[in-house]
Structures are given as structure tokens and as C-alpha cells.
Amino acid sequence: YTGKTGTELLTETIKKFKVYEYQSVPVVVKEDSSVYDAISTMFLEDVGTLFVINDHSCLTGVLSRKDLLRASIGNQDLDAIPVHIIMTRMPNITVCYRDDLMIDAAKKLIDKQIDGLPVIKETEKGTEIIGRITKTTITKAFVELIMDEHL
Ligand code: ADP
């Protein structure tokens, strides 16, 4: 018997949750894709956040549902607008790394009031996207905490 309190055990368990254990597959579009194509991809892939990549497959931007809605209001020709015009771009993107704690990724989602984070890796080519953490990822980890009886 360790003599640890329930709260200490819970904290210890939560601090073992790492990004790489829960990250899902990132869905990306190219910078010169149209807003129309991005909306199609969002529906087909069933995600709420898209990451935008350049010709070297490196991260340059993020597109949310509302970014695409905003661009669509009053716009006739969504095929004519490339996503790089409307995306949130580097260096203003909040990111995380595979070895980060889930709790730190969750804090970023709350602090920045966003739905998702790219999991990135810096390479000589630039910023590679290796995964995705979203509010759903956090919800899954939260449920697993109880269901799998880690404690
Ligand atoms: P929505 O806009 O659909 O409510 P979000 O809350 O995720 O979805 O996005 C809010 C704004 O923040 C959008 O303009 C989006 O481009 C931007 N955004 C989303 N994810 C990130 C991120 N990881 N880093 C920086 N900005 C982001």
C-alpha cells in the first residue's frame, strides 16, 4: 500500500496519458485547394478541422468549420477561392508533439478556444504533420479513465 490519496493516484494516471497514444490521423488539404474542395473533404472525412500543407507536405495553415462557413456566406464561386486566402496560418498555429501529455494538449484547446491541434514533427523539410488531437480525443481519454479502471 502506497499511502497515496485518490487524488494523487488520479493525477498520476492522467499524467501517463500521452499524445501519441490517443492521436488520430490528420486530414490535410493543399494550399491551392478551393474552399469548395475543403468543404467536400470535411464532409467526406467527417472531421471539423483540416490542416493545410504546401508542396513539400509541410504545415502552413488550419481550417475550421467556421472559417469555411465565413468564406461561403455571400460567395457565389467557392471553386475560385483558394484556402490559403482564408486559413489561419503559421506562425499562429497552436501545435503539440507526440510525447506531450494529453492534459497539456487539452489545456491548449481550452486556452486558445479551438477544437483541434496538429501533432507535428520538425524535419529538415519543415513542419510535418503526424497526427491530430481534438476535443473528441480528449473525451475518449476521459471515458477510458473510468471504463478501463486504470486506477
Ligand atoms: P470553429 O471556428 O468552427 O468554431 P475552432 O474553434 O477550432 O472551430 O476555430 C476557431 C478559429 O481558430 C478558426 O479561425 C481556426 O482557423 C482557428 N484555429 C483552429 N485550430 C487552430 C490551431 N490549432 N491553431 C491556431 N488556430 C486554430
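Helices here are DSSP runs of H or I with at least four residues, and they are numbered from the N terminus. The model shown in these views is predicted.

**Figure 1. A nonpolar patch on the surface includes Ile-146 of helix α6**. Helix α6 covers residues 135–147, and Ile-146 has its place there. The patch is formed by Phe-142, Val-143, Ile-146 and Met-147. Together these residues have about 470 Å² of accessible area. Ile-146 has a relative accessible area of 58% and is therefore exposed, the cut-off being over 50%.

**Figure 2. The protein chain has six helices and six strands**. Read from the N terminus, the order of elements is α-α-β-α-β-β-α-β-α-β-β-α. The C-alpha trace spans about 65 × 35 × 25 Å along its principal axes. The protein chain has 151 residues, of which 38% count as buried.

**Figure 3. The ligand is surrounded by 14 residues**. Those that come nearest are Ser-64, Asp-67, Thr-88, Thr-94 and Asp-115. From Asp-67, a polar side-chain atom lies 2.4 Å from an oxygen atom of the ligand. Thr-94 places a backbone N or O atom 2.8 Å from a nitrogen atom of the ligand. For Gly-116, a polar backbone atom is 3.0 Å from a nitrogen atom of the ligand. The ligand taken alone exposes 540 Å², and the protein buries 83% of that area.

**Figure 4. Elements β3, α4 and β5 each give two or more residues to the shell around the ligand**. Strand β3 covers residues 59–64, helix α4 covers 65–72 and strand β5 covers 116–123. Helix α4 supplies the largest share of the shell, three residues. Sorted by class, the shell contains six polar, four nonpolar and four charged residues.

**Figure 5. Arg-70 and Asp-67 form a salt bridge in helix α4**. The distance between their side chains is 3.3 Å, N to O. The pair also counts as a polar contact of 3.3 Å between side chains. Because Arg-70 and Asp-67 are three residues apart in helix α4, about one helical turn separates them. Asp-67 is buried, with a relative accessible area of 10%, whereas Arg-70 is exposed at 56%. Asp-67 is also one of the residues that come nearest to the ligand. Between Arg-70 and Asn-54 there are 23 Å in space, C-alpha to C-alpha, and the two are 16 residues apart in sequence.

**Figure 6. Two further salt bridges join Arg-98 to Asp-99 and Asp-104 to Lys-107**. In the pair of Arg-98 and Asp-99, the closest N and O atoms are 3.0 Å apart. Arg-98 is partly exposed, with a relative accessible area of 40%, and Asp-99 is partly exposed at 45%. In the pair of Asp-104 and Lys-107, the closest N and O atoms are 3.5 Å apart. Asp-104 and Lys-107 are separated by about one helical turn, because they are three residues apart in helix α5. Asp-104 has a relative accessible area of 33% and is partly exposed; Lys-107, at 47%, also counts as partly exposed.

**Figure 7. Arg-65, Asp-115 and Lys-135 are linked in a network of salt bridges**. Asp-115 is also among the residues that come nearest to the ligand. The count of salt bridges comes to six.

**Figure 8. The peptide bond from Met-90 to Pro-91 is cis**. Its omega is near 5°. Most peptide bonds are trans. Pro-91 has its place in the loop between β4, residues 88–89, and α5, residues 102–112.

**Figure 9. Ser-57 and Gln-113 have positive phi values**. Most residues other than glycine have a negative phi. Ser-57, which is not a glycine, has a phi near 65°. Ser-57 is in the loop between β2, residues 49–53, and β3. With 39% relative accessibility, Ser-57 counts as partly exposed. Gln-113 has a phi of about 55° and is not a glycine either. The loop that holds Gln-113 lies between α5 and β5. Gln-113 is exposed, with a relative accessible area of 72%.

Technical notes:
Residues are numbered from 1 along each chain as its sequence is written. This is a predicted model: local features need pLDDT of at least 70, side-chain atom pairs count only at pLDDT 80 or more; totals for chains, interfaces and linings use all residues. Side-chain values use heavy atoms; hydrogens and water are left out. Patches are made of residues with over 30% relative accessible area and no salt bridge: like charges are joined within 9 Å, nonpolar side chains (Val, Leu, Ile, Met, Phe, Trp, Tyr) within 5 Å. Accessible areas come from the Shrake-Rupley method with a 1.4 Å probe; for residues, only the protein chains shown count as cover. A salt bridge is a side-chain nitrogen of Lys or Arg within 4 Å of a carboxyl oxygen of Asp or Glu. Buried means under 20% relative accessible area, exposed over 50%, partly exposed in between (1.4 Å probe, protein chains only). A residue is near a molecule or strand if one of its heavy atoms lies within 4 Å of it. A polar contact is a pair of N or O atoms within 3.5 Å; within protein, one must be able to donate a hydrogen and the other to accept it, and residues adjacent in sequence count only if both atoms are side-chain atoms. Ala, Val, Leu, Ile, Met, Phe, Trp, Tyr, Cys and Pro count as nonpolar, Asp, Glu, Lys and Arg as charged, and the others, Gly among them, as polar.
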